[in-house]
Amino acid sequence: MPERRPDRALGPGHNDFWQWCAASELRLQRCATCGELSWPVVATCEFCGSTDLAWEHMSGRGRVIAWTTFERDYYAGTLPIPWDTILVELAEGPLFLSNPKGFSWPDITIGMPVQVAFVDCEDSAGPFRLPVFERGQEAQGGD
Amino acid sequence: MPQAIMPPPSPGLSRKAAIVGIGETDYHTDYQAARSRAPGYEAPSVESLSLAAFERALADSGLSRADIDGLSVSFTFGGPPPMEMAALLEIEPGFAIANGNIMAGPLPVVCAAIAEGKARTVAMIFAVASRSIGKQFGGASDAMAEGMPASYYYFHPWGWSSQAAHWALMFSHYQATYNVREEDLAAVAMQVRRHASATPQAVMQTPMTSTDYMASRYIVRPLHLFDICLVNDGAVCLIVTTPERARDLPHAPVEVAGWGEAKIRNRKLDTMVRQRLRPQMQEAGGQALDMAGVALADIQLFEGYDASTIHLINQIEGFGFVEPGAGIDFCKDGGMAVDGRLPTNTGGGNLSGSYMQGWSQVANVVRQLRHEAGAQQVADARLAMTSLVQTDQAHPLIFARGEN
């Protein structure tokens, strides 16, 4: 059974992101002009305004740099409470807001390594695959 | 409806307008009435709140309706257009504008209008009926809107929403960075509550202990209920005029000396969580200080945007009053008390006073600089700073006591 989730943002650009997720690939937009990665999805590079953007495959590795656990229901029963969220610094640099999979508060610690995983979900637009994060391996040879 | 654009900070606009009247609705009494819902209770409207605040500000200023030749209205969740409001207030302004909503932007717009001679004496009205309309900050109904920061809608599929969640992310990172416990943050909630306890207007006046704080329920861990501001109904009216006109009026004028503006342009989550908007506060704070021709060390009291406890600390640190990581200890040591190095949110702020989207802070600064703050008076207050820092932008204002 797919997990029910609040609605995604859909439309140009956004749809590409979710199509890559359906193929179990986390891809973000890298600007060919200035080289920076933008996230969330943009129409033009958030650093230089260029439209020359390409979907680059992320390693899926990262570490937790912040977290918050909702004890109040903001989604009218769609999600169980408490509800854990984590902010992951991807190995490539951008910060990615997501959920932990296979661990939960109070076992979320700042700095813990994580690895992307995809879970089957659905919203009012239909089924989709959502990138979340499992415990990862400590980086070899320093970070 | 087209909205006024905030004028860039410029020394030529410094002290070209002064606040000479303030009016606020009864935050405490209205909150109690809304809670108890006695038979016959009628929820306030934007119109009724606006009229009440205007009448008080006008009386406070010593002016008459005929003196008001400008009107500026600021409604976050809707309200009548300016000329409808003018009719309601029974004034006939030649200059009437819809002027943003939360504080910072609207006041510089009016100062510039007065400096340019578009109006001489402007009534500025802010009103909100968040509580009465059941406004919830966050959730699926907070949909994508033009110009809204991406974080407010984008993360719904991960179940992440609400302003409070922004502050919670910041604090979990802050805790790890500076080795801070939840109970340390209680000091901020308790300090602001102490101020509220001495302020009859404040919604929450019952003294708070650290035990009370820790026992308050979590909203978004690691933040408790007492870390988050009070959504409420109310209105604030400011009467603003030229420094020359202000000299003839009963109260010491409070001149608008400086303002600034800086926004996050990219890496929003990083700037918000790891830097807690310090770059924006440094930039906008520098603009405001330069415009006013004063130094940060000259600021005698501070009214920050305490949407949450940790965010008040973000501002004390971000503008440079203390070093990053030193804000909570500064509070614990009494630095934010009325007799501290930087008296902060002496009217109870948004946490315990009332969340008026930055406007009540300005009213409180006016009382302080007039030396009418009673038991909460900061000795010989002459220069103050307010701050409206949202999750993606910083807007400080600097005020100076004028002479009359």
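What span should the 16 residues of helix α5 (residues 163–178) of chain B have at 1.5 Å a residue, and how far apart are its end C-alpha atoms? I began my notes with this check: the expected span is 22 Å and the end C-alpha atoms are 23 Å apart, which agrees. I keep in mind throughout that this is a predicted model.

**Entry: helix α5 of chain B**

I then asked how well this helix is covered, and found that α5(B) is mostly covered, with twelve of its 16 residues buried. Listing the buried residues, I have Gln163(B), Ala164(B), Ala165(B), His166(B), Trp167(B), Ala168(B), Leu169(B), Met170(B), Phe171(B), Ser172(B), His173(B) and Tyr174(B). After the helix comes Asn179(B), where I noted a positive phi near 55°.

**Entry: helix α2 of chain B**

I turned to helix α2 (residues 46–61) of chain B, which also has its span on record here: its 16 residues reach 22 Å from the first C-alpha to the last, close to the 22 Å expected at 1.5 Å a residue. The buried residues of α2(B) include Val46(B), Leu49(B), Phe54(B), Leu58(B) and Asp60(B). When I looked for what covers them, I found that the cover includes the strands β1 (18–24), β2 (70–75), β4 (121–129) and β7 (233–241) and the helix α3 (82–89) of chain B. The residue following α2(B) is Gly62(B), with a positive phi near 80°.

**Entry: chain B as a whole**

I counted 14 helices and twelve strands in chain B. For 404 residues a compact globule would have a radius of gyration near 22 Å, and the 20 Å that I find for chain B agrees with this. Along the principal axes, the C-alpha atoms of chain B fill a box of roughly 55 × 50 × 40 Å. Of the 404 residues in the chain, 58% are buried. Taking the contacts in chain B between residues at least 6 apart in sequence, I note that 79% of them join residues at least 24 apart.

One separation in chain B I looked up directly: Arg194(B) and Ala337(B) are 143 residues apart in sequence, yet their C-alpha atoms are 8.7 Å apart in space. Arg194(B) sits in helix α6 (residues 182–197) of chain B, and I class Arg194(B) as partly exposed because it has 19 C-beta neighbours inside 10 Å, where 20 would be needed for a buried residue.

**Entry: where the chains meet**

The contact takes 31 residues from chain A and 30 residues from chain B. On the side of chain A that touches chain B, the elements giving two or more residues are β5 (61–70), β6 (83–90), β7 (95–98) and β8 (113–123) of chain A. The largest share of that side, six residues, comes from β5(A). By residue class, the side of chain A that touches chain B divides into 19 nonpolar, five polar and seven charged residues.

I also found strand pairing across the two chains: β5(A) and strand β5 (residues 218–221) of chain B pair in the antiparallel sense over two bridges, and Phe70(A) stands opposite Val220(B) in β5(B).

Which residues touch the most other members of the largest nonpolar core? In this core of 162 residues they are Leu87(A), Ala123(B) and Ile125(B). Leaving aside neighbours within four places in sequence, the contacts of Leu87(A) include Trp67(A) and Leu97(A) as well as Leu169(B), Leu269(B) and Val273(B).

**Entry: strands of chain A**

Three bridges join β5(A) to β8(A) in an antiparallel arrangement, with Arg61(A) opposite Gln115(A) in β8(A). Strand β1 (residues 3–4) of chain A pairs with β8(A) in the parallel sense over two bridges, and the bridge partner of Glu3(A) in β8(A) is Cys121(A). On β8(A) I further noted ten bridges to the antiparallel strand β9 (residues 126–135) of chain A, to which β8(A) is joined by a hairpin through two residues.

**Entry: backbone exceptions**

Most residues other than glycine have a negative phi, and most peptide bonds are trans, so I listed departures from this.

- The peptide bond from Ile81(A) to Pro82(A) is cis, with omega near 0°, and Pro82(A) is in the loop between β5 and β6 of chain A.
- The bond joining Trp105(A) and Pro106(A) is cis, with omega about 10°, and Pro106(A) lies in the loop between β7 and β8 of chain A.
- Arg267(B), not a glycine, has a positive phi of about 50°, and counts as partly exposed with 19 C-beta neighbours inside 10 Å.
- Asp380(B) has a positive phi near 50°, and with 8 C-beta neighbours inside 10 Å counts as exposed.

Methods
Residues numbered from 1 in each chain as written. Chains lettered and ligands numbered in written order. Predicted model: local features only at pLDDT ≥ 70, side-chain atom pairs only at ≥ 80, totals over all residues. Helix = DSSP H or I, 4+ residues; strand = E, 2+ residues; numbered from the N terminus. Expected span 1.5 Å × (residues − 1). Contact = placed C-beta atoms within 7 Å. Rg over C-alpha atoms; globule rule 2.2 N^0.38 Å. Nonpolar A, V, L, I, M, F, W, Y, C, P; charged D, E, K, R; others polar. Pairing = 2+ DSSP bridges. Core = buried A, V, L, I, M, F, W, Y, C linked by C-beta atoms within 7 Å.
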